[in-house]
Amino acid sequence: MKTRSLEIRNIDKIMRRANSAYPRVSPYRAHMTTTGKKISERHRNWIQRAGETVDSRRSMVFGYDLERIIANDLEGLRRNKLGDCGESSTLMMAALTANGIKDFELAHLHFDAEIYNNETKKLLATHSYNTTHEFLVKNLDPKADTKNPKSYGKDLVVIDAWAGFCTNLQEAFNKYFDMFMFGIRETENKRDNVTIKYRPRFTFLTGLTDSSKLNSDNFEKRYPELVVKKQ
């Protein structure tokens, strides 16, 4: 196994501090865990209400400035201890900024399903879908083409506090295949004589996360529980 870079190890410490300081239940994970299982109606209703609470809190501040979105999400995490990938992302925005790291971007995960003819090997069609999964990336190449992961930058760091990992692009793709595709990378449809290959990629919400406007000193004072003490 390749040794992780010092940068990834340092950010991983910050992520673990953030997750420890703001423990939370993920309504999405609770729903996935109970799918297909016999659970009480009361439990099922709780999961639905929890998810609606989380979504409504974020939608109320969608048009606000980034610092207000972060403050709102962290207050919601503190009070309700409920949060999915969106809240985990804004938590990491606060944690990174409080530790003096500001060059990050908000990202979404997509999978492209490429359909190939088995005989000619020709690409017949491509269907894309957004998993709606949200996380942060660092060291994104400004010239990145969202459809070409090789253009994201060789030093790209994927920071996913909801999934609990901080790693490089390829390792992140491997983890996302397992999490969202059950490890399936391609399937064969013998009836139609085609093979479907799945390709992960990211899109980046650079307009929302202008991290350069965030004041590290203010975040350090406001969220001291997120600061990792330097050795």
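Helices (H or I, at least four residues) and strands (E, at least two) here are DSSP runs, numbered from the N terminus.

**Figure 1. The whole chain, from end to end.** This is a predicted model, so take each close-up below as a look at a prediction. Walk along the sequence and the protein chain follows the pattern α-α-α-α-α-β-β-β-β-α-β-β-α. That comes to seven helices and six strands. Of the 231 residues in the protein chain, 44% are buried. Among the contacts with a separation of 6 or more, 66% are between residues 24 or more positions apart.

**Figure 2. Strand E1 and its two partners.** E1 covers residues 104-117 and is mostly covered, with 13 of its 14 residues buried. With strand E2 (residues 123-138), E1 pairs in the antiparallel sense over twelve bridges. Look for Ala 113, which stands opposite His 127 in E2. Five residues sit between the strands in the hairpin of E1 and E2, and there Lys 121 takes a positive phi near 65°. E1 also pairs with strand E6 (residues 194-204), again in the antiparallel sense, over eleven bridges.

**Figure 3. Around Tyr 116.** Here we zoom in on one residue of E1. The bridge partner of Tyr 116 in E6 is Thr 195. The ring of Tyr 116 has a visitor too: the charged end of Lys 197 sits over this ring, 5.1 Å from its centre.

**Figure 4. Phe 173 meets Phe 202.** A search of the whole structure turns up twelve aromatic pairs. In this one the ring centres of Phe 173 and Phe 202 are 5.3 Å apart and the planes are at 70°, so the pair counts as edge-to-face, for which the planes must be over 60 degrees apart. Phe 173 belongs to helix H6 (residues 169-180) and Phe 202 to strand E6, so the pair ties together parts that are 29 residues apart in sequence. Both Phe 173 and Phe 202 are buried. Zoom out a little and ring pairs link Phe 135, Tyr 152, Phe 165, Phe 173, Tyr 176, Phe 180, Phe 202 and Phe 204 into a cluster.

**Figure 5. Two nonpolar cores.** The largest nonpolar core has 31 residues, and those with the most contacts inside it are Ile 70, Met 92, Leu 96, Tyr 223 and Leu 226. Helix H1 (6-21), helix H4 (66-80), helix H5 (85-98), E1 and E3 are the elements that give two or more residues to this core. H5 brings the largest share, seven residues. Apart from this core lies another, of 21 residues, among them Phe 135, Val 137, Val 158 and Tyr 176.

**Figure 6. Who touches Ile 70?** Leave aside the neighbours within four places in sequence, and Ile 70 is in contact with Thr 90, Met 93, Ala 94, Leu 214, Phe 219 and Tyr 223.

**Figure 7. Two cysteines and no disulfide.** If you are hunting for disulfides, a search of the whole structure finds zero. Cys 85 has 14% relative accessibility and counts as buried, because the cut-off is under 20%. Cys 166 is buried as well, with a relative accessible area of 3%.

**Figure 8. The loop at Gly 164.** Gly 164 lies in the loop between strand E3 (157-160) and strand E4 (165-168). At 34% relative accessibility, Gly 164 counts as partly exposed. Met 15 is 149 residues away from Gly 164 in sequence, yet their C-alpha atoms are 7.8 Å apart in space.

Definitions and conventions:
Residues numbered from 1 in each chain as written. Predicted model: local features only at pLDDT ≥ 70, side-chain atom pairs only at ≥ 80, totals over all residues. Heavy atoms only, no water. Buried < 20%, exposed > 50% of the residue type's maximum accessible area, 1.4 Å probe, protein only. Pairing = 2+ DSSP bridges. Phe/Tyr/Trp six-rings, centres within 6.5 Å; stacked < 30°, edge-to-face > 60°. Lys NZ or Arg CZ within 6 Å of the ring centre and 35° of its normal. Disulfide = S-S within 2.5 Å. Core = buried A, V, L, I, M, F, W, Y, C linked by side-chain atoms within 4.5 Å. Contact = heavy atoms within 4.5 Å.
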